[in-house]
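Have the model open in a viewer, with residue labels switched on. The tour goes from one selection to the next and says what is there.

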Amino acid sequence: MKTTLIWIALLGAALLWIADLRRRLKAAHLRGDMYYDISARLDRRLADLTQS
């Protein structure tokens with residue numbers, strides 16, 4: 001009985017954690033963070049290539 005309650009609590013915590021991660025990913029996607037990071041990397045590479 002005690003072990004079952006521990007497993008249920010762990011499962012609930014994992015579900016909450018996954019839901020939080022999905023919420024953060026959606027927010028980052030809406031803000032365009034991923035596209036900004038990729039754009040900044042490409043700009044740095046282009047600047048390095050044009051300086052040579």
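Begin by selecting Arg23: at 51% relative accessibility, this residue counts as exposed, because the cut-off for that class is over 50%. Bear in mind that this is a predicted model.

Keep Arg23 on screen and add Asp20. Their side chains form a salt bridge, with 2.6 Å from N to O. Both residues belong to helix H1, where they sit 3 residues apart, about one turn of the helix. Is Asp20 buried, partly exposed or exposed? With a relative accessible area of 22%, Asp20 is partly exposed; buried would mean under 20%.

Now add Arg24 to the selection. The side chain of Arg24 also meets that of Asp20 in a salt bridge, here at 2.9 Å, N to O. Arg24 and Asp20 are 4 residues apart in helix H1, so about one helical turn separates them. With the three residues shown together, you have a network of salt bridges that links Asp20, Arg23 and Arg24. As background, side chains of opposite charge can pair when their charged atoms come close. How many salt bridges does the structure hold? The count is 2.

Next, select helix H1, residues 2-31, and colour helix H2, residues 33-51, separately. At what angle do H1 and H2 pack? The angle is about 55°, and the axes of the two helices are 5 Å apart. That angle makes H1 oblique to H2, because it falls neither under 35 degrees, the cut-off for roughly parallel, nor within the 65 to 115 that counts as roughly perpendicular.

Zoom in on the contact between the helices. From H1, select Ala28, His29 and Arg31; from H2, select Asp33, Met34 and Tyr35. These are the residues that make the contact. By type, the contact of H1 with H2 divides into 3 nonpolar residues, 1 polar and 2 charged.

For the last stop, move along helix H2 to Arg45. Is Arg45 buried or exposed? Arg45 has a relative accessible area of 61% and is exposed. Then select Ala13 as well and draw a distance between the two C-alpha atoms. Arg45 and Ala13 are 42 Å apart in space, C-alpha to C-alpha, and 32 residues apart in sequence.

Technical notes. Residues are numbered from 1 along each chain as its sequence is written. This is a predicted model: local features need pLDDT of at least 70, side-chain atom pairs count only at pLDDT 80 or more; totals for chains, interfaces and linings use all residues. Side-chain values use heavy atoms; hydrogens and water are left out. Axes are lines fitted to C-alpha atoms, for helices over the stretch in contact, and angles run from 0 to 180 degrees between N-to-C directions. Angles under 35 degrees count as roughly parallel, over 145 as roughly antiparallel, 65 to 115 as roughly perpendicular and the rest as oblique. Contact means heavy atoms within 4.5 Å. Ala, Val, Leu, Ile, Met, Phe, Trp, Tyr, Cys and Pro count as nonpolar, Asp, Glu, Lys and Arg as charged, and the others, Gly among them, as polar. A salt bridge is a side-chain nitrogen of Lys or Arg within 4 Å of a carboxyl oxygen of Asp or Glu. Buried means under 20% relative accessible area, exposed over 50%, partly exposed in between (1.4 Å probe, protein chains only).
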